[in-house]
Structures are given as structure tokens and as C-alpha cells.
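Let's take a friendly walk through this protein chain, going from single residues out to the overall fold. Keep the 3D view open as you read.

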Amino acid sequence: MFKIAITGKGGVGKTTLASLLAHLYAQDGYTVIAIDADPDANLASALGFSPAEAAQITPIAEMSDLIEERTGAKPGTFGGIFKMNPRVDDIPERFAAVHGNVRLLVMGTVRKGGAGCVCPENTLLKTLVTHLLLRPKEVVILDMEAGIEHLGRATAQAVDALIVVVEPGQRSFQTASVIEGLAQDIGIPHVYVVGCKVRNDDDRSLIANGVGGLPVLGYLSYDPAIIDADIRGVGVLEAGGSVIEEAKAIQAALDARIGKKT
């Protein structure tokens with residue numbers, strides 16, 4: 001099944017794309033796990049969880065008892081002895097929140113010692129992401145921050161596609177270039193671009209030229225319906241608007257690139 005990682009500069013629309021692809025693959029009959037690996041976690045609301053439902057979701061990084069049980073060390077400890085390969089196989093079934101036919105896991109973030117720390121929390125999160133990407137029976141949509149910190153060489157070949165979401169602008173293009181280099185370093189085979197918040201053909205041309213040789217899967221238009229959905233606290237799919245058909249075209253382009261899986 002497809003394993004898709006989505007990244008890009010903050011605020012470009014990657015969570016919008018992640019939520020749309022998750023719902024579209026679920027509508028096609030796939031079992032879908034959406035992973036919110038962005039510290040600014042808002043994939044739940046984009047998927048259509050109500051504010052009250054989203055507030056009830058506890059990020060894995062904040063499950064202190066679970067972290068200590070699986071790693072043998074309390075969260076927040078550094079330099080001690082703990083299990084580097086903790087058990088994670090039961091976590092998706094036990095702790096995923098469900099909306100429609102999409103299951104959501106919120107990773108959370110390690111707030112002490114830096115994002116790259118060798119600590120129980122990070123060890124559990126990275127082991128869980130690796131496990132999910134290597135499981136054969138689900139489509140996995142991984143919504144990441146502006147980088148690929150949750151991925152490593154052990155999982156790079158399991159990622160069918162890394163999608164870098166960009167908006168019309170040089171800072172977004174610079175971020176895409178950095179991410180492309182990191183992806184090459186760890187061996188991710190397929191890196192694509194999706195343009196978001198586009199207003200016209202000039203924006204599309206700017207993006208196509210600004211991302212160098214990276215293939216562009218498609219574009220999501222600037223759509224007031226998405227902003228209105230955020231204000232009303234409803235999911236992107238419920239907002240309707242032009243982005244739904246555009247997301248279907250992106251899904252079709254992605255399927256054609258990496259091969260429709262059954």
C-alpha cells in the first residue's frame with residue numbers, strides 16, 4: 001500500500017493536502033492511517049474532527065506511562081539506559097482516533113533537549129513511524145514539519161513518495177530545495193511537488209520554474225472555502241470548493257507515477 005510523506009514550509013497547505021489525500025484513498029476502499037508528525041498539530045481539524053474531539057486526542061509523545069512501559073525510562077531523561085527498539089505494533093489499534101474511514105495518530109513533539117535528542121520519547125516516536133511505514137496493509141499519509149526528521153535510511157525505501165508542498169514564493173522554493181537534498185541523502189526514491197494557494201496561471205508558472213527539475217503533480221487553488229472551513233471548525237472535505245477536484249487530479253497523477261496498488 002502507498003506510503004506518502006508530505007512536507008513543506010509552515011503554512012503552505014500541506015495539512016490541507018494530507019487530509020484530502022487521506023479521505024480520497026479511504027473513499028477508494030483503502031485502510032488509511034494519517035500521521036500528524038508536525039509539532040503544530042492540526043491535521044485532526046482538517047480531517048473533520050470537531051474541536052471537542054480533537055481536544056481529546058493525546059499525542060503519543062505525551063503518553064508518559066506508555067513511554068516508560070515500552071522504553072523502560074521516564075520521559076524527559078537523557079543519557080540513561082532504555083530500550084532502543086520498543087514494542088509499538090499495538091499502538092495504532094489502541095490509540096488511533098477515527099473519523100469516517102481514516103485513523104489518525106498524533107505524534108506530538110519532544111519539548112526538552114532538542115528535536116534530535118536521544119531520549120525515550122524520540123525513540124518511541126521514530127520506532128512507531130518506522131513500523132507504520134513498513135506495515136504492508138495500509139495507506140499511510142505522513143504530515144510532517146518543514147523537514148524529514150521523522151524519516152531515516154531504514155525507512156526511506158518504504159516511502160513511495162515524498163511530496164513537498166510549495167506556495168508561490170522564493171522562501172517556499174528554498175525550503176523545497178533543502179528538503180530535496182535531504183531526501184537524496186537518505187535515499188528517498190521519489191520526490192514530487194504540489195503547488196498550493198495558486199491564484200492564476202502566473203502562479204503555476206512561477207512554481208513550475210521555481211522548483212527546478214522536481215516533477216509537479218498538480219496544484220491546489222487559493223480557495224476561500226478552505227478558510228471558511230477553518231473558521232467554522234469543519235474538515236477540508238466538507239468545505240467543498242475547487243480543491244476537491246484538484247486533489248483528485250493530484251491523486252491520479254500520483255497513482256500514475258508510483259503505480260496504482262491493490
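## A tour from residue to fold

T175 has a relative accessibility of 17%, so T175 counts as buried, the cut-off being under 20%. Please keep in mind that this is a predicted model. T175 is part of helix 8. Leaving out residues up to four places away in sequence, T175 touches G8, K9 and A146.

Helix 8 itself spans residues 170–186 and lies across strand 1, strand 6 (161–166) and strand 7. Relative to strand 6, helix 8 runs at about 165°.

### Two more residues to look at

Next, find C196, which sits in strand 7. Is C196 buried or exposed? Its relative accessibility is 6%, so C196 counts as buried. Setting aside neighbours within four places in sequence, C196 is in contact with V12, G13, V165, V166, E167, P168, I207 and L220. One of these deserves a second look: V165 is 31 residues from C196 in sequence, while the two C-alpha atoms are 6.7 Å apart in space. L220, also in that contact list, is the bridge partner of C196 in strand 8.

L206 belongs to helix 9, which covers residues 201–210. With a relative accessibility of 36%, L206 counts as partly exposed, because the value falls between the 20% and 50% cut-offs. Beyond its neighbours within four places in sequence, L206 is in contact with P168, G169, Q170 and F173. Q174 is 32 residues from L206 along the chain, and their C-alpha atoms are separated by 13 Å.

Here are the three residues side by side.

| Residue | Element | Relative accessibility | Class |
|---|---|---|---|
| T175 | helix 8 | 17% | buried |
| C196 | strand 7 | 6% | buried |
| L206 | helix 9 | 36% | partly exposed |

### The sheet

Now to the strands. An open sheet is built from 8 strands in the order 3-4-2-5-1-6-7-8, and the pairing is mixed. Which strands stand at the edges? They are strand 3 (97–99) and strand 8 (216–221), each having a single partner strand, so one side of each is left without a neighbour in the sheet. From one strand to the next, the twist averages 25°.

Strand 1 (3–7) is a good one to trace. It pairs with strand 5 in the parallel sense over 4 bridges, and I6 stands opposite D143 of strand 5. Strand 1 also pairs with strand 6 in the parallel sense, over 4 bridges; here I4 has A161 of strand 6 as its bridge partner. How many residues of strand 1 are buried? The count is 5 of the 5, so strand 1 is largely enclosed by the rest of the structure. K3, A5 and T7 point one way from the strand, whereas I4 and I6 point the other way, and all are buried.

At the other end of the strand order, strand 7 (residues 191–198) pairs with strand 8 in the parallel sense over 5 bridges.

### Helices against strands and helices

Helix 6, made of residues 120–134, lies across strand 1, strand 2 (32–37), strand 4 (102–106) and strand 5 (139–144). Its direction is at about 145° to strand 5.

Helices also meet each other. Helix 1 (residues 14–27) and helix 12 (residues 243–258) pack at an angle of about 70°, and their axes are 10 Å apart. The two helices are therefore roughly perpendicular to each other. Helix 1 contributes L17, L20, L21, L24 and Y25 to the contact, while helix 12 contributes V243, I244, A247, K248, I250, Q251, L254 and D255. Sorted by class, that contact of helix 1 with helix 12 holds 10 nonpolar, 1 polar and 2 charged residues.

### The whole chain

Finally, step back. The chain has 12 helices and 8 strands. Its C-alpha trace spans about 55 × 40 × 35 Å along the principal axes. A compact globule of 262 residues would have a radius of gyration near 18 Å, and the chain's value of 18 Å agrees with that. Buried residues make up 53% of the 262 residues. Of the contacts with a separation of 6 or more, 75% join residues 24 or more positions apart.

Notes
Residues are numbered from 1 along each chain as its sequence is written. This is a predicted model: local features need pLDDT of at least 70, side-chain atom pairs count only at pLDDT 80 or more; totals for chains, interfaces and linings use all residues. Side-chain values use heavy atoms; hydrogens and water are left out. Axes are lines fitted to C-alpha atoms, for helices over the stretch in contact, and angles run from 0 to 180 degrees between N-to-C directions. Angles under 35 degrees count as roughly parallel, over 145 as roughly antiparallel, 65 to 115 as roughly perpendicular and the rest as oblique. Contact means heavy atoms within 4.5 Å. Ala, Val, Leu, Ile, Met, Phe, Trp, Tyr, Cys and Pro count as nonpolar, Asp, Glu, Lys and Arg as charged, and the others, Gly among them, as polar. Two strands pair if DSSP finds at least two bridges between them. The radius of gyration is taken over C-alpha atoms; the globule rule is 2.2 Å times the number of residues to the power 0.38. Buried means under 20% relative accessible area, exposed over 50%, partly exposed in between (1.4 Å probe, protein chains only).
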